[in-house]
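Student: I would like a close look at a single part of this model. Please keep it brisk.

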Amino acid sequence: MSREPEAPPLRYRKHVFVCMNERPADDPRGCCAAKGSPAIREYMKRRAKELGLSDIRINQAGCLDVCEAGPALVVYPEGVWYRCETKRDADEILLVHLRDDGRVPRLMLDRDEKSG
Ligand code: FES
């Protein structure tokens with residue numbers, strides 16, 4: 001992704017936003033929190049530290065509006081969206097995307113994927 005010439009330097013090489021939104025159990029849209037996103041975020045934070053990825057940040061986010069596809073996260077500055085359901089998924093995103101600047105196509109959300 002190219003950046004405007006006047007844009008300041010990135011504060012973080014990669015900035016991850018993990019949806020932590022929680023809705024009532026009977027809400028038809030569901031939510032990422034009920035699908036395990038808090039544990040995924042905690043795991044990713046711990047693993048990032050273990051891997052020495054001190055130039056990335058893993059923040060919590062509110063609803064990213066892809067609820068049915070979650071648990072969802074997005075990585076900036078690239079703006080790549082992922083479904084991250086398991087520790088294995090999180091490890092793959094950490095190693096392939098966040099560490100090595102690759103992509104994990106099997107977990108990427110479609111551009112037009114939205115909640116129902
Ligand atoms: S609740 Fe996570 S994307 Fe909406």
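Student: Why does D101 count as exposed or buried, judged by its C-beta neighbours inside 10 Å? Please take in the helix before it and the other unusual backbone spots too.

Tutor: This is a predicted model. D101 has 10 C-beta neighbours inside 10 Å, so it counts as exposed. The cut-off for exposed is 12 or fewer. D101 sits in the segment after α2. Its phi is positive, near 65°, and D101 is a residue other than glycine.

Now the helix that D101 follows. Helix α2 spans residues 87-99. Its buried residues are A90, I93, L94, H97 and L98. These pack against one helix and several strands. The helix is α1 (37-50). The strands are β1 (14-19), β2 (56-61), β3 (72-76) and β4 (80-83).

Next, the loops between those strands. D65 lies in the loop between β2 and β3. Its phi is also positive, about 70°, although D65 is not a glycine. D65 has 13 C-beta neighbours inside 10 Å, so it counts as partly exposed.

The loop between β2 and β3 also holds P71. The peptide bond from G70 to P71 is cis, with omega near 10°. A second cis bond runs from Y76 to P77. Here omega is near 20°. P77 is placed in the loop between β3 and β4.

To return to the starting point: D101, with its positive phi, comes after α2, and the buried residues of α2 pack against β3 and β4, among others.

Terms used. Residues are numbered from 1 along each chain as its sequence is written. This is a predicted model: local features need pLDDT of at least 70, side-chain atom pairs count only at pLDDT 80 or more; totals for chains, interfaces and linings use all residues. A residue is buried if 20 or more other C-beta atoms lie within 10 Å of its own, exposed if 12 or fewer, and partly exposed in between; C-beta atoms are placed from the backbone. Helices (H or I, at least four residues) and strands (E, at least two) are DSSP runs, numbered from the N terminus. Two residues are in contact if their C-beta atoms, placed from the backbone, lie within 7 Å.
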